[in-house]
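This report concerns salt bridges and enclosed spaces in a protein model. The sequence and the structure are shown first.

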Amino acid sequence: MTKPPRKHSKPLLGEADALLRSRPRRRRDPDQPNLPLDPMPARIEPCLALLRAKPPKGDDWVYEIKWDGYRLSVHIEPTGIRILTRGGHDWTDRFPAIKQAALWLPVGTAILDGEAVVLDGQGRSDFGLLQQSLGGRGGKKSSSDAIFMAFDLLYFDGHDLRNSELDMRRHLLEDLVPAGEQGDIRLSEEIEAEGDQLLASACEHGLEGIIAKRRDALYRSGRLGDWLKIKCIQSDSFVIVGYERSTVARAGIGRLLLAARKGDELVYVGGVGTGFNERSAADLREKMDKLIISKPTVDTGRKRNAVFVRPELVAEIEYRAWTHDGKLRHPSYKGLREAQDNAEVYEVE
């Protein structure tokens with residue numbers, strides 16, 4: 001395939017001029033003759049981003065905003081639509097608006113890679129709002145508020161694109177999901193800027209961070225360094241191993257006790273006592289009280305009024321830094337991760 005010419009991408013978080021629109025195409029037939037077709041994968045393990053402190057430099061990299069939601073793949077198949085989580089669980093029925101938008105795309109078969117998000121009043125993705133729309137962790141509600149930010153195209157009209165460069169995959173994705181459209185499936189646009197400049201602007205606008213991708217990289221599953229994430233505020237997943245009781249705090253939770261992975265074990269990384277509202281605190285207390293155990297699974301030091309639980313709940317925590325003794329500095333609770341999301345618990349080196 002001939003590599004497409006580079007197009008000017010979206011200016012740095014600014015107002016874009018009116019965008020040219022291509023004419024609508026007829027729905028393609030994936031079974032059209034005389035074309036070698038690739039079998040459609042039932043599932044593709046996602047490419048994951050490595051955390052880095054600073055953006056990479058050079059023309060080899062392109063940048064996008066980092067979205068704070070659930071990683072999904074949208075499969076458009078001859079038999080219908082499937083929406084899969086990162087762990088491979090079928091959540092089609094939980095995102096009816098995204099499913100309907102996928103049905104309307106002018107393509108016969110495709111696999112889109114992206115993130116389901118709920119936007120706040122300023123257009124920023126908000127993980128807490130997404131969780132609420134789904135009924136909380138373990139909830140069974142469907143979310144009509146969630147939209148799908150598409151950032152890659154892995155299969156298109158009978159052709160597996162994983163061995164094509166990112167530039168080519170983006171070229172086809174932008175034709176399928178044009179920039180600037182405001183439906184339930186939207187394009188996560190590349191932004192023309194130096195990495196340091198974009199990160200500073202993203203942080204100034206209250207965003208979570210940015211993603212850097214090698215423009216000539218093939219799509220490789222796993223965390224191999226083709227994609228990098230650079231965050232404004234650190235946000236990672238930690239296991240809840242207990243909580244401290246309080247007579248004045250919401251639902252009686254003074255602080256959650258948190259742990260990270262260290263090899264095959266868990267290690268205590270401190271507690272978090274902010275970020276709850278009445279609803280999230282009550283939901284947490286109900287779930288934790290079903291997991292109470294007599295002895296802690298990690299050494300949390302001497303704790304007064306501590307209740308210990310089995311390490312089954314995973315919380316997303318924002319924090320500013322680490323203390324010298326390996327504890328989270330200025331942590332804030334964002335929400336519980338879904339088991340089906342397969343969230344990776346932070347690993348201490």
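Glu312 counts as partly exposed, at a relative accessibility of 44%. The model in which this value was computed is a predicted one. The side chain of Glu312 meets that of Arg310 in a salt bridge, with 2.9 Å from N to O. Arg310 is likewise partly exposed, with a relative accessible area of 34%.

**Salt bridges**

The count of salt bridges in the model comes to 24. Three of the pairs are set out below.

| Pair | Closest N and O atoms |
|---|---|
| Arg43 and Glu45 | 3.0 Å |
| Arg310 and Glu312 | 2.9 Å |
| Glu316 and Arg337 | 3.3 Å |

In the pair of Arg43 and Glu45, Arg43 is partly exposed, with a relative accessible area of 33%. Glu45 has a relative accessible area of 43% and is also partly exposed, because the partly exposed class lies between 20% and 50%.

What is the setting of the salt bridge between Glu316 and Arg337? This pair links distant parts of the chain, 21 residues apart: Glu316 belongs to strand E16 (residues 314-319), whereas Arg337 lies in the segment after strand E19 (332-336). Both Glu316 and Arg337 are buried.

Salt bridges also join into a network, which links Glu64, Arg170, Glu174, Glu190 and Lys213.

**The second largest pocket**

The second largest pocket holds about 900 Å³ of space. Its lining comprises 37 residues, and those nearest the centre are Ala49, Arg86, Arg223, Lys229 and Glu344. Several strands each supply at least two residues of this lining, among them strand E2 (61-65), strand E3 (70-77) and strand E11 (234-245). By class, the lining divides into 19 charged, 14 nonpolar and four polar residues.

**The largest cavity**

How many cavities of 30 Å³ or more does the count give? There is one cavity of 30 Å³ or more. The largest cavity has a volume of about 100 Å³. Of the 14 residues that line the largest cavity, Ile44, Pro46, Leu72, Ser73 and Asp113 lie nearest its centre. E3, strand E4 (80-85) and strand E5 (110-117) each supply at least two lining residues, and E3 gives the most, with three. The lining of the largest cavity contains seven nonpolar, five charged and two polar residues.

Strand E3 thus contributes to the lining of the second largest pocket and to that of the largest cavity.

Terms used:
Residues are numbered from 1 along each chain as its sequence is written. This is a predicted model: local features need pLDDT of at least 70, side-chain atom pairs count only at pLDDT 80 or more; totals for chains, interfaces and linings use all residues. Side-chain values use heavy atoms; hydrogens and water are left out. On a 1 Å grid over the protein atoms alone, a cavity is a set of points where a 1.4 Å probe fits but cannot get out, and a pocket is an open set with protein on both sides within 12 Å along at least five of seven lines; lining residues have an atom within 4 Å of a point. Grid points are joined across faces, edges and corners, and a volume is the space filled by probe spheres set on the points. Helices (H or I, at least four residues) and strands (E, at least two) are DSSP runs, numbered from the N terminus. Ala, Val, Leu, Ile, Met, Phe, Trp, Tyr, Cys and Pro count as nonpolar, Asp, Glu, Lys and Arg as charged, and the others, Gly among them, as polar. A salt bridge is a side-chain nitrogen of Lys or Arg within 4 Å of a carboxyl oxygen of Asp or Glu. Buried means under 20% relative accessible area, exposed over 50%, partly exposed in between (1.4 Å probe, protein chains only).
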